[in-house]
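I opened my notebook to look up a few things in one structure. My topics were cysteines, one acidic residue and a pair of helices.

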Amino acid sequence: DLKQFLEIPQVASRLLQKIYQTMTPDEQSVILQIAVLQRPVVFKVICELCERQDIRQIISNLVRKTLVIYDERLKNYRLHDVIRDFQRSQLTDEQRKAYHLKAAAYYERQDFNQDLPTFQQMQDRLDARHHYFQAGDITKAARLLLDIAEPYRVWGYLQQCKMFIHETLKK
């Protein structure tokens, strides 16, 4: 029945809202900060972004509640897409901007060898660009694209680089 199908997102949203309300304020704060991340991260990244003494305990609680997924093999953390999307919808504009700027600064601080960057260094630069872009700092996002443009060209990813440039400049 189409009516029931259309009600599923509303039911899911209400359920996620109830789950969100059962979290402690500290858990809510941490999960909101993690929600801006676009890919799984190691614990060190969460520590850097959340800057809390009790972060290990909070993350453990969120994993135990299955709100944060821990991959034993890869040793990283992520949110399920549905949880991440819901948490993102809970962010205020100020929180969204602040958390993206914090993530961007973290990724930008990572080592970058301009002459011969590694894949991880390129990924960190792309993550920094993404977060600056999401925070509305187009100048910094564009500057980071300049860091990766030549390596991307050499590696044969010119179309991808063009797409990032176009996306950044159209904003």
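The entries below follow the order in which I looked things up.

**Entry 1: cysteines.** I noted that the model is a predicted one. I looked for disulfides and found zero. C47 takes part in none, and the nearest cysteine sulfur to it, that of C50, lies 8.0 Å away. Why is the sulfur of C50 not bonded to that of C47? The distance of 8.0 Å is too far for a bond, because a disulfide needs the two sulfur atoms within 2.5 Å.

I then asked whether each cysteine is buried or exposed. C47 has 28% relative accessibility, so I wrote it down as partly exposed. C50 has 7%, so I wrote it down as buried, the limit for buried being under 20%.

**Entry 2: D124.** I located D124 in helix α7, which covers residues 119-135. Its relative accessibility is 10%, so D124 counts as buried. Which residues does D124 touch, leaving aside neighbours within four places in sequence? I listed R39, Y107 and Q110.

**Entry 3: α3 and α6.** I looked up how helix α3 (residues 43-50) meets helix α6 (residues 93-109). Their axes come within 10 Å and cross at roughly 125°. The two helices are therefore oblique to each other, and α3 passes α6 in a right-handed crossing.

Which residues make this contact? From α3 I noted K44, V45, E48 and L49, and from α6 K102, A103, Y106, Y107 and R109. Sorted by type, the residues of this contact are five nonpolar, four charged and no polar. Y107 of α6 appears here and also among the contacts of D124.

Terms used: Residues numbered from 1 in each chain as written. Predicted model: local features only at pLDDT ≥ 70, side-chain atom pairs only at ≥ 80, totals over all residues. Heavy atoms only, no water. Buried < 20%, exposed > 50% of the residue type's maximum accessible area, 1.4 Å probe, protein only. Helix = DSSP H or I, 4+ residues; strand = E, 2+ residues; numbered from the N terminus. Contact = heavy atoms within 4.5 Å. Axes fitted to C-alpha atoms, helices over the stretch in contact; angles between N-to-C directions. Parallel < 35°, antiparallel > 145°, perpendicular 65-115°, else oblique. Left-handed = near helix turned anticlockwise from the far one by under 90°. Nonpolar A, V, L, I, M, F, W, Y, C, P; charged D, E, K, R; others polar.
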